[in-house]
Amino acid sequence: FARKHIRSFLQEMAAALTAPSGPVALAPAFRLTHTAVNSFKGSADNDPSYIMGLASPAAAAAAVAVAGSERELKLYDRATLQCTRTVAAPAHADRVNEVSFAPPRSAAAGLLFSASSDGAVRAWDCGGGGGGGAAPSLELRGGREEVWSVSVSDGPLVAAGTQAALLLWDVRRADTPAARLEVHTDAVSAVRFQPGSATALVSGSVDGLICSIDCRQTNDDDAVTGVINEGRPVSSLGFFGPEPASHLHVLSSLETLSVWDLQQQAGTCLARHDALRREVDMLGEEEAAAGAGDGIDYLVGCQYCPATQRLYLVAGEHCGTLHLLAVEKEAVVALASLRGGGGGAARGHTSDVRCFLWDGGGLPWRVETTPAIHSTSPRRGLEHAQRKARRIPPCE
């Protein structure tokens, strides 16, 4: 049965993600329409501001939350990239590592959650006015450990990955963690609740393991329902597929991508791409002859689009160029490129891009992804996050 299921899934995946091969051309639908500068602040050594994270309450929502390297949280109008509100400045005493809105069916629906290296997870009400001095609606703490990732369930639970453990809180009784699970041997770099679930969670760690967690259990041994040995430090992960989403895309700090089926207790690897920087040629013949770029330098993230039933990968170059690729069972297929630089009012990125947002349609962008001219380097495991961010010079 397992082999039949895997074979069927791979066939559906390949059929859904079929795309023409050959040189990539810039699709007209991906024209740059807006650019915004999130902050003009910079240190004395000319270190610019960075975008640390983006979040939206829903795929078609008008608002986008932006976490900047000055530890501020702002709201932007998605269609115009105009800043509509400063939620908090500063929002934390240290770097903000991730932001996430609670889903509509959550007990904390409507709140924006931020995870920080100051050891706190905070929740913010983004519905009212404010000038940056608002107090958080909730503050969740479980010690002084840096918090790298946060996820909110379709119930009362909030999960956080810290330097030493996985923490769970019930927002109805948020004074102390409901559970502290030490199921990894290194920093927990990514946590995600399964969409539509109040208790099913996955955690990824720098130790190379991915754990399936039943959050109804508070004992380490009872809580872990499955373990996947990814074998590489996990930098990000996420569920995808038709409901109930039971497949997982995983990026590592070594710039690799793997796809897993979680319906089996031990997890089944459906696809693995370990050499994307060498395997995918993003340049046409004319661009290659002119020495324009050098293909893929790093991976930004994955996104599943229900409208097209495709899993997409976004990758980048250090000069600010982004590439959109479709993930197939045996390869990734280049679909389009978003090129930075240039002049005029709508100027693209000129450095590494850390994050992007999906607009809910068949294509991932209507406007430029990250509302800043300078965006931060992508997360390359916690080794990168623990270093002070520095600007990578743009391509010549």
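## Ser151 and its surroundings

The side chain of Ser151 has a polar atom 3.0 Å from the backbone nitrogen of Phe193. This distance, like the other values in this report, comes from a predicted model. Ser151 belongs to strand β9, which covers residues 147-152. Is Ser151 buried or exposed? Its relative accessible area is 6%, and the cut-off for buried is under 20%, so Ser151 counts as buried.

Leaving aside residues up to four places away in sequence, Ser151 touches Leu157, Val158, Ala159, Val191, Arg192 and Phe193. Phe193 is thus a contact of Ser151 as well as the residue whose backbone nitrogen lies 3.0 Å from a polar atom of the Ser151 side chain. Arg192, another residue on the contact list, also takes part in a salt bridge, described further below.

## The sheet that contains β9

Strand β9 is part of an open sheet of 4 strands. Their order is β9-β10-β11-β12, and the pairing is antiparallel. Which strands stand at the edges? They are β9 and β12, the latter formed by residues 179-181. Each has a single partner strand, so one side of each has no neighbour in the sheet. From one strand to the next, the twist averages 20 degrees.

Within this sheet, β10 and β11 run antiparallel and are joined by 5 bridges. Strand β11 consists of residues 166-170. One of the bridge pairs is Leu157 with Asp170 in β11. Leu157 is also among the residues that Ser151 touches.

## Pro156 and the Asp170 salt bridge

Pro156 is in the loop between β9 and β10, where β10 covers residues 157-162. What does Pro156 touch, not counting residues up to four places away in sequence? The residues are Ala107, Trp169, Asp170, Val171 and Arg172. The C-alpha atom of Pro156 is separated by 10.0 Å from that of Ala174, and the two residues are 18 residues apart along the chain.

Two of the residues touched by Pro156, Asp170 and Arg172, form a salt bridge with each other. Their closest N and O atoms are 2.7 Å apart. The two partners differ in how they are covered: Asp170 counts as buried at 7% relative accessibility, whereas Arg172 is exposed, with a relative accessible area of 56%. Asp170 is also the bridge partner of Leu157 in the sheet.

## Salt bridges between distant parts of the chain

How many salt bridges does a search of the whole structure find? The search finds 13. One of them joins Arg192 to Glu98, with the closest N and O atoms 2.6 Å apart. Arg192 is in strand β13 (residues 188-193) and Glu98 is in strand β5 (residues 96-101), so this salt bridge ties together parts that are 94 residues apart in sequence. Arg192 is partly exposed, with a relative accessible area of 25%, while Glu98 counts as buried at 13%.

A further salt bridge is formed by Asp274 and Arg232, whose closest N and O atoms are 3.0 Å apart. Both residues are in loops: Asp274 between β20 (268-273) and α3 (276-279), and Arg232 between β16 (224-229) and β17 (234-240). The pair links distant parts of the chain, 42 residues apart. Asp274 is partly exposed, with a relative accessible area of 35%. Salt bridges with shared partners join Asp274 and Arg232 with Glu230 and Arg272 into one network.

## The sheet from β21 to β24

Another open sheet of 4 strands has the order β21-β22-β23-β24, with antiparallel pairing. Its edge strands are β21 (298-305) and β24 (332-338), and each pairs on one side only. The twist from one strand to the next averages 25 degrees.

Strand β23 (residues 322-327) runs antiparallel to β24, and 6 bridges join the two. A hairpin connects β23 to β24 through 4 residues. Leu324 stands opposite Ala336 in β24, and Leu325 has Ala334 in β24 as its bridge partner. In a regular strand, side chains alternate between the two faces of the sheet. Although β24 is an edge strand, this strand is mostly covered, with 6 of its 7 residues buried.

Note on methods. Residues numbered from 1 in each chain as written. Predicted model: local features only at pLDDT ≥ 70, side-chain atom pairs only at ≥ 80, totals over all residues. Heavy atoms only, no water. Salt bridge = Lys/Arg side-chain N within 4 Å of Asp/Glu carboxyl O. Buried < 20%, exposed > 50% of the residue type's maximum accessible area, 1.4 Å probe, protein only. Pairing = 2+ DSSP bridges. Axes fitted to C-alpha atoms, helices over the stretch in contact; angles between N-to-C directions. Polar contact = N/O pair within 3.5 Å; in protein donor to acceptor, adjacent residues only side chain to side chain. Contact = heavy atoms within 4.5 Å.
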